2 protein chains.
Amino acid sequence: MPPTLEEVAKLAGVSRSTVSRVVNQHPNVRPEVRERVWEVIRQTGYQPHAAARSLATRRTRVIGLIIPQAVTTLFTDPYFPILMRGVADACNAHNYHLMLSLFSQRRVHNSRTQQDLLYQQVLRGRYLDGVVVSSAPLDDPIFPRLLEDGVPFVIVGRYPHERANYVDVDNVVGARMAVEHLLRLGHERIATITGPLNMFAAQDRLEGYRQALAARGIPVDEHLIAEGDFTEQGGRTAMQRLLPYQPTAVFAASDMMAVGAIKVLREAGLQVPEDVAVVGFDDIPLASMVDPPLTTVRQPIEQLGSMAVELLIGMLESPQAGGVHRVVLPTELVIRASCGVRVRAL
Amino acid sequence: MPPTLEEVAKLAGVSRSTVSRVVNQHPNVRPEVRERVWEVIRQTGYQPHAAARSLATRRTRVIGLIIPQAVTTLFTDPYFPILMRGVADACNAHNYHLMLSLFSQRRVHNSRTQQDLLYQQVLRGRYLDGVVVSSAPLDDPIFPRLLEDGVPFVIVGRYPHERANYVDVDNVVGARMAVEHLLRLGHERIATITGPLNMFAAQDRLEGYRQALAARGIPVDEHLIAEGDFTEQGGRTAMQRLLPYQPTAVFAASDMMAVGAIKVLREAGLQVPEDVAVVGFDDIPLASMVDPPLTTVRQPIEQLGSMAVELLIGMLESPQAGGVHRVVLPTELVIRASCGVRVRAL
DNA sequence: CAATAATTTGGGAGCGCTCCCATAAAAGTG
DNA sequence: CACTTTTATGGGAGCGCTCCCAAATTATTG
């Protein structure tokens, strides 16, 4: 049995309260007493009991990272591990702990129920002080619930509600840069493979595509727009649908989809970038490893994760400082070979 | 303020204890009372307070997944997301929650301290009922501590201690199959790129390599063994070192390293598989996507994760059923193009 | 139908901590 | 140096639950 506060107190010859003060860095303890108590703590290996503490303080120092079921299939996309690393880093830095909720679509009868159940247990059971929600579809029921229950949360991505805090990248501008680059290279029949259009990131990137064309006075040919789902397979299928309309360039809303698209193009006997230029989005590590290396829009994924946590912890530690927290990080066009420009020549 | 047990009790006209019985499915409650209580619970949205419960029961229904700092840099390796999915799935299925501890090497002054701190807080603070430790180096200080503190844990990978529970794949046999396959194809100068040799998985795969050669009476040329670190970059560096010794085949102890090796071979003007055959290990999704598709040893990564959790939960729920829990899952050779055999022809 | 056994219910104690308030000790003041 | 102010310490109450035991109710049986 590990020691309790009370036991430490007895050993140090002081009261429970004094030990508590020492542990919680309360200033009003005489230095020699403080030292004596620390000594006992060190010797006994005392550690406050998390549950007891939470019960009394109503805080857990645990935050949740929720990745809704709709995107769990994408989990092999390196986007998520990188995001998680950012999240975990920031948690470590602030001495918070991370609870991970992934909802898989497998082995679940009534999938809605699984997510519901977990929501109910974890959030209403006050396991968590707050949550980071990553890339949920915009109609995910989690948002209304979080708002209603008053759970502090930060979204990675954006969400149109006056009380929603989020961290996002400028998807519209990123996409526009990508398409503008293709336009600059002389392409006119530029297709796009979008993400699932029930996500803002996907909508915004499509919007960037539209804006770039509009700025050049090029009418949008709806045949050149195919909806994907951010996965490689989705990219393949979408590319297949685009093939008959003979685009000379493709802007894929994720690197994974770009990779899929390139495969389909090759299978159709087309060269990348000679016959068709391809640009991706994300700049995952794979982007520089595939052949040809992918021109893509870099988003600071890891930073997105840590920023979300910083924001959340800020809200938790000074709740009075109300207001809505929103951060939009910039993107950057990374030019490699797949768009058909020699980097040096640019 | 969410309702408490006591409040629900008052509304239902029963005592605290009775509501507790209803919530915990205790049989001794009259059906009509049970129904009445459920009704109130439903209406009020009552949810037991996790911390209060833990304090009383000394269980949290939370298990930890610990990925020690030594491997966090490998986190972009798809191995981890896949493992995590397995772990998360099994947790969901058993109504446990998952706490994730990643230790990054970045931003840490005294890195040992960070891991220590977290160990101290999380484990001794009894946030967790038990932990799954993934791919830690065999001298990681976490193992002695877990054993000493009596924290229930399951390792993914193996560990030589009579009280260590683990789930592993048969790395020796897997590696042997891979190398035997190369031998069967007529190769004699077979090099290997090992993982970091402070991990058992790496040692075991090297052992499999040695066994395969020994079985054929081929002496091991130590120049043909290069230590990598499971990353692509590590694979490149190792391959560079091997190049002067002109192997005709390479067995890389991970797919990521195989990918790195292939790049180096190409840069050296060698064709894969024509000039040098390459075999990997893991069968991550990338393996079938690269060019040429990788012949590799498949290990059931996701199953490894869920199995570890199942074992752990088993231990937690019936602690009296002592004994050591060990599972070794089989591997499977997946033949693709990189070893230079036409699949059909086999 | 009294006596016994089984089932159902309520309340006290306690899990280990924090926080408030009262008291004790030390320091500051005219 | 009596008096107020500040600083340090101890103890009670309570966070929301479970678990045990005793009391009340119901069912069983000779």
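In what follows, Ala, Val, Leu, Ile, Met, Phe, Trp, Tyr, Cys and Pro count as nonpolar, Asp, Glu, Lys and Arg as charged, and the others, Gly among them, as polar. By that scheme, the residues of the surface near DNA strand C (near meaning that a heavy atom of the residue lies within 4 Å of the strand) divide into 11 nonpolar, 11 polar and six charged.

This is a predicted model, in which local features need pLDDT of at least 70 and side-chain atom pairs count only at pLDDT 80 or more, whereas totals for chains, interfaces and linings use all residues. Residues are numbered from 1 along each chain as its sequence is written, chains are lettered from A and ligands numbered from 1 in the order in which they are written, and side-chain values use heavy atoms, with hydrogens and water left out.

Around DNA strand C there are 28 residues, of which A:Leu5, A:Arg16, A:Tyr46, B:Ser17 and B:Arg58 come nearest. Of the atoms of DNA strand C that come within 4 Å of the protein, 56% belong to sugar and phosphate.

Polar contacts (pairs of N or O atoms within 3.5 Å) from chain B are listed here.

| Protein atom | Atom of DNA strand C | Distance |
|---|---|---|
| B:Ser15, backbone N or O | phosphate oxygen | 2.8 Å |
| B:Arg16, polar side-chain atom | base oxygen | 2.7 Å |
| B:Ser17, side-chain N or O | base oxygen | 2.5 Å |

Two or more residues each are given to this surface by α2 (16–23) and α4 (50–57) of chain A and by α2 (16–23) and α4 (50–57) of chain B, helices being DSSP runs of H or I with at least four residues, numbered from the N terminus. The most comes from α4(A), with five residues.

Technical notes: A polar contact is a pair of N or O atoms within 3.5 Å; within protein, one must be able to donate a hydrogen and the other to accept it, and residues adjacent in sequence count only if both atoms are side-chain atoms.
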